[in-house]
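Biologist: Could you walk me through reading helix packing and internal spaces in a model like this one? I'd like the general idea each time, then the case at hand.

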Amino acid sequence: MKQRIALITGGSRGIGAAAVRAFAAAGWRVAFCWHSNRQAAEALAAEFPGQVLAVQADVADRVQVQAMFERVQAEFGAPDTLVCNAGIAQQKLFTDITEQEWHTMLDTHLTGAFHCCQAALPEMIRRRFGRIIMVSSMWGQTGGSCEVHYSAAKAGLIGLTKALAKEEGPSGITVNCVAPGVIETDMMAGFTAQDKAELAEETPVGRLGTPQEVAGLLLYLAGEDTGYITGQVIGQNGGLVI
């Protein structure tokens with residue numbers, strides 16, 4: 001069996017970096033994109049010489065996305081799996097969100113996934129096999145106060161998942177979505193220890209999630225034996241949202 005190839009967006013930190021490590025440890029060749037943290041990206045790629053490729057790209061920019069796919073194709077081959085994980089977070093009252101902040105949030109999460117899916121699909125359709133996985137959020141399912149633009153972008157990924165799964169199923173391509181809850185990443189840098197303790201107490205399992213747990217689910221959904229799972233939104237939130 002040929003070595004599988006994954007492309008993970010937003011792979012230099014948090015859930016993305018954990019996914020890069022999980023896929024690489026499972027024997028995959030992994031390409032990932034990063035936007036601004038060159039040092040973290042290069043250090044991560046150096047953990048798996050020749051097996052992991054770091055590419056700078058802003059997924060909101062279609063030209064950069066196309067260039068990224070061309071480089072991955074040239075060095076590794078066409079990806080079997082695309083993980084749309086690139087994202088940003090911001091907590092702000094809805095009435096204070098600027099138009100630019102609104103567009104930046106939606107462009108990074110939702111338009112970025114649109115660009116990447118359109119770039120990945122032609123080869124997947126040609127081979128009649130592919131796995132596309134969106135990383136949404138429980139706030140995309142329920143909405144989050146003071147995170148309206150983030151919630152809207154993440155909800156858009158859920159709609160994209162469900163519709164694209166129906167369209168691409170006949171081509172042997174699955175499209176699924178993971179909706180994490182409160183995960184201990186640097187996106188929580190603004191939370192105090194007390195904030196985290198209160199969130200853990202609200203969560204039925206009594207703790208926050210880890211990036212490694214999310215990465216494990218992403219790797220599972222990318223498997224060759226998961227072809228009958230598609231169009232699904234899988235909550236990974238410790239029971240906080242059911």
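Modeller: Let's begin with handedness: a crossing is right-handed if the near helix is turned clockwise from the far one by less than a right angle, and left-handed if anticlockwise. The helices themselves are DSSP runs of H or I with at least four residues, strands are runs of E with at least two, and both are numbered from the N terminus. This is a predicted model, where local features need pLDDT of at least 70 and side-chain atom pairs count only at pLDDT 80 or more, while totals for chains, interfaces and linings use all residues. Residues are numbered from 1 along each chain as its sequence is written, and side-chain values use heavy atoms, with hydrogens and water left out.

Biologist: Right, so which way does α1 pass α8, right-handed or left-handed?

Modeller: α1 passes α8 in a right-handed crossing. More generally, two packed helices are described by the angle between their axes and the distance between the axes. Here the axes are lines fitted to C-alpha atoms, for helices over the stretch in contact, with angles from 0 to 180 degrees between N-to-C directions. For α1 and helix α8 (residues 211–221), the angle is about 55° and the axes are 8 Å apart. That makes α1 oblique to α8; angles under 35 degrees count as roughly parallel, over 145 as roughly antiparallel, 65 to 115 as roughly perpendicular, and the rest as oblique.

Biologist: And which residues of α1 and α8 meet?

Modeller: On the α1 side look at G14, I15, A18, A19, A22 and F23, which meet P211, Q212, V214, A215, L218 and L219 in α8. Contact means heavy atoms within 4.5 Å. This contact has 10 nonpolar, two polar and no charged residues. The classes are simple: Ala, Val, Leu, Ile, Met, Phe, Trp, Tyr, Cys and Pro are nonpolar, Asp, Glu, Lys and Arg are charged, and the others, Gly among them, are polar.

Biologist: At what angle do α4 and α6 pack?

Modeller: About 20°, with the axes of α4 and α6 9 Å apart. So α4 is roughly parallel to α6. The α4 side of the contact includes W102, L106, H109 and A113, and the α6 side includes Y150, L157 and L160. By class, α4 with α6 has 14 nonpolar, three polar and three charged residues.

Biologist: How do the axes of α3 and α4 cross?

Modeller: The axes of helix α3 (residues 62–75) and α4 come within 9 Å and cross at roughly 35°, and the crossing is right-handed. V65, F69 and Q73 are among the α3 residues involved, with F114, A119 and E123 among those of α4.

Biologist: On to the empty spaces. What volume does the largest cavity have?

Modeller: On a 1 Å grid over the protein atoms alone, a cavity is a set of points where a 1.4 Å probe fits but cannot get out; a pocket is an open set with protein on both sides within 12 Å along at least five of seven lines, and lining residues have an atom within 4 Å of a point. Points are joined across faces, edges and corners, and volume is the space filled by probe spheres set on them. The largest cavity has about 40 Å³. Helix α4 (residues 99–127) gives the most to its lining, with four residues.

Biologist: And which residues lie closest to the centre of the largest pocket?

Modeller: G87, I88, A89, Y150 and M187 are the closest, out of 49 lining residues. The largest pocket has a volume of about 1,100 Å³, and its lining divides into 21 nonpolar, 22 polar and six charged residues. The second largest pocket holds about 150 Å³.
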